[in-house]
Amino acid sequence: AYLRRAVVNGARSVHRHDLVVRRELVAEAGRADAVDRATAASAEAEALRHLGDGAMLAALRRLPDRQREVLVLRYFADWSEAAIADALGIAPGSVKAHAHRGLATLRARLEATG
């Protein structure tokens, strides 16, 4: 009975997470800037084009784990702050703080090498 309950709870948790992610994707697709976002080059694509994949990836690898996770999910996977917070089990404010610190560190390191 314990194992069955654990499996059911785990399945429900995954299902709830999928619903939240889908709901956020639908909401984001309906926003006014969705068309521009789909046609314009993304910021990370431009950064990689200018800096080269190697420099950016090396700088990302040197970041603390949480900052790297937040930046990759936000800018490479294009997840919302709410989806990242839900996936990582942290508050949306923490997502913003980790993203801010990570971007500041990346900017400083990439400017130093460039």
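This is a short tour of a predicted model, going from the whole chain to a few spots worth selecting.

**Whole chain.** Start with everything shown as cartoon. You should find seven helices and zero strands, so to speak an α-α-α-α-α-α-α run when read from the N terminus. Now colour the 114 residues by burial: buried ones make up 21% of the chain. Switch to a surface view and you're looking at about 7,800 Å² of exposed area, with carbon and sulfur atoms supplying 58% of it. If you like contact maps, take the contacts between residues at least 6 apart in sequence: 56% of them join residues at least 24 apart.

**Helix H1.** Next, select residues 2–29, which form helix H1. Zoom in on Val7, which sits in this helix. Is Val7 buried or exposed? Val7 has a relative accessible area of 53%, over the 50% cut-off, so it counts as exposed. Add Tyr2 and Leu3 to the selection: together with Val7 they make a nonpolar surface patch of about 400 Å².

**Helix H6.** Jump along to residues 81–88, helix H6. Show side chains for Ala83, Ile84 and Ala85, which are buried here. What covers them? Select 65–76 and 92–113 to see: helix H5 and helix H7 are among the elements covering the buried residues of H6.

**Just past H6.** Last stop, glycine 89, directly after H6. Check its backbone torsions, and you'll find a positive phi of about 70°.

Conventions:
Residues are numbered from 1 along each chain as its sequence is written. This is a predicted model: local features need pLDDT of at least 70, side-chain atom pairs count only at pLDDT 80 or more; totals for chains, interfaces and linings use all residues. Side-chain values use heavy atoms; hydrogens and water are left out. Patches are made of residues with over 30% relative accessible area and no salt bridge: like charges are joined within 9 Å, nonpolar side chains (Val, Leu, Ile, Met, Phe, Trp, Tyr) within 5 Å. Accessible areas come from the Shrake-Rupley method with a 1.4 Å probe; for residues, only the protein chains shown count as cover. A salt bridge is a side-chain nitrogen of Lys or Arg within 4 Å of a carboxyl oxygen of Asp or Glu. Helices (H or I, at least four residues) and strands (E, at least two) are DSSP runs, numbered from the N terminus. Buried means under 20% relative accessible area, exposed over 50%, partly exposed in between (1.4 Å probe, protein chains only). Contact means heavy atoms within 4.5 Å.
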